[in-house]
Amino acid sequence: MSVIEKRLKDRSDSKCELCGNEHDLSVFNVAPNTEESLEQSILACSTCIDQIENPEKTDPSHWHCLNDSMWNENLPVQVVSWRMHARLKNHDMLDMMYFDEETLEWAKATGEGEEEDENKIIHKDSNGVILQDGDSVVLIKDLDVKGATFTAKRGAAVHNIKLVWDDANLIEGRVENQNIYILTQYVKKTK
């Protein structure tokens, strides 16, 4: 058991911080964060995690627990509660939740709560975080650049990206002073 998992169990009394379940608990990192920490992770049961990660499996009756968890004193629990209320279109509950600008940006980072336009093309990075024109990303893999004499190296920063308006899988950016197209599955958004 990791130190963070132990501290999360202490914080939550060894219960899912969303629904209160005491079985099949694990650390869940609240996207776009990928590292375990008290400030960016929650202790959640496998049922909650499965439904968070797979929107098509969302069971509204399971999420009545949000009426309690949305008031949890820990920010990552509040953020996940906000996202699930947004997914379930519980606008009355969302109106009751107050976040400062930075926390609201974190809550919206996965696109939950965005008005859905079935024809709208949404660009997401490798972690599922929504990309916008002008964002900065880093490459998560070495990429051979077609028609060029170099390889875009893993960890290379690409600033001021442009979204390819008709393809959710492509962005345009500048690497080694050349404009190239990059598949979104090979980038991670940076702050």
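Student: Which residues gather in a patch of negative charge on the surface?
Tutor: The model is a predicted one. One member of the patch, Glu101, lies in helix α6, which covers residues 101–107. The patch on the surface is made up of Asp100, Glu101, Glu102 and Glu105.

Student: Is Glu101 buried or exposed, and what is its relative accessible area?
Tutor: A residue counts as exposed when its relative accessible area is over 50%. Glu101 therefore counts as exposed, its relative accessible area being 71%.

Student: How many helices and strands are there in the chain?
Tutor: The C-alpha trace spans about 55 × 40 × 30 Å along its principal axes. Of the 191 residues, 41% count as buried. The chain holds six helices and ten strands.

Student: In what order do the three strands of the open sheet stand?
Tutor: Strands of a sheet pair through backbone hydrogen bonds, and the pairing is either parallel or antiparallel. In this open sheet the pairing is antiparallel, and the order of the three strands is β6-β3-β10. The strands that pair on one side only, and so form the edges, are β6 (157–158) and β10 (187–189).

Student: Which residue is the bridge partner of Val137 in β6?
Tutor: Strand β3, residues 137–139, is joined to β6 by two bridges, and these strands run antiparallel. The partner of Val137 in β6 is Val158.

Student: How many bridges join β1 to β2?
Tutor: Strand β1 takes in residues 25–29, and β1 and β2 run antiparallel. Within this pairing, Ser26 of the chain stands opposite Ala44 in β2. The number of bridges joining β1 to β2 is five.

Student: Which residues of β2 point one way, and which the other way?
Tutor: In a regular strand the side chains alternate between the two faces of the sheet. Strand β2, residues 41–45, is mostly covered, with five of its five residues buried. One way point Ser41, Leu43 and Cys45; the other way point Ile42 and Ala44.

Student: How far apart in space are Lys141 and Val187, C-alpha to C-alpha?
Tutor: Lys141 sits in the loop between β3 and β4 (143–144). Its relative accessibility is 40%, so Lys141 counts as partly exposed. In sequence, Lys141 and Val187 are 46 residues apart, while in space their C-alpha atoms are separated by 8.0 Å.

Student: What separates the C-alpha atoms of Ile130 and Pro32?
Tutor: Ile130 belongs to the loop between α6 and β3. Because its relative accessible area is 11%, Ile130 is buried. Ile130 and Pro32 are 98 residues apart along the chain, and the separation of their C-alpha atoms is 9.6 Å.

Student: How many salt bridges does the count come to?
Tutor: Side chains of opposite charge can pair when their charged atoms come close. Here a salt bridge needs a side-chain nitrogen of Lys or Arg within 4 Å of a carboxyl oxygen of Asp or Glu. The count by this rule is six.

Student: Which residue meets Asp50 in a salt bridge?
Tutor: Asp50 has a relative accessible area of 30%, so it is partly exposed. The other side chain in the pair is also partly exposed, at 44% relative accessibility. The distance from N to O is 3.4 Å, and the residue that meets Asp50 is Lys57.

Student: How far apart are the closest N and O atoms of Glu112 and Arg87?
Tutor: Glu112 and Arg87 form a salt bridge. The pair links distant parts of the chain, 25 residues apart: Glu112 is in the loop between α6 and β3, and Arg87 is in helix α4 (residues 75–87). Glu112 is buried, with a relative accessible area of 15%, and Arg87 is buried at 17%. The closest N and O atoms are 2.8 Å apart.

Student: Which residue forms a salt bridge with Lys189?
Tutor: Lys189 is in strand β10, and its partner is in the loop between α6 and β3, 54 residues apart from it. Lys189 is partly exposed, with a relative accessible area of 32%, whereas the partner counts as buried at 14% relative accessibility. The side chains meet at 3.4 Å, N to O, and the partner of Lys189 is Asp135.

Definitions and conventions: Residues are numbered from 1 along each chain as its sequence is written. This is a predicted model: local features need pLDDT of at least 70, side-chain atom pairs count only at pLDDT 80 or more; totals for chains, interfaces and linings use all residues. Side-chain values use heavy atoms; hydrogens and water are left out. Patches are made of residues with over 30% relative accessible area and no salt bridge: like charges are joined within 9 Å, nonpolar side chains (Val, Leu, Ile, Met, Phe, Trp, Tyr) within 5 Å. Accessible areas come from the Shrake-Rupley method with a 1.4 Å probe; for residues, only the protein chains shown count as cover. Lys and Arg count as positive and Asp and Glu as negative; His and the chain ends are not counted. The place of a charge is taken as NZ of Lys, CZ of Arg, CG of Asp or CD of Glu. Helices (H or I, at least four residues) and strands (E, at least two) are DSSP runs, numbered from the N terminus. Buried means under 20% relative accessible area, exposed over 50%, partly exposed in between (1.4 Å probe, protein chains only). Two strands pair if DSSP finds at least two bridges between them.
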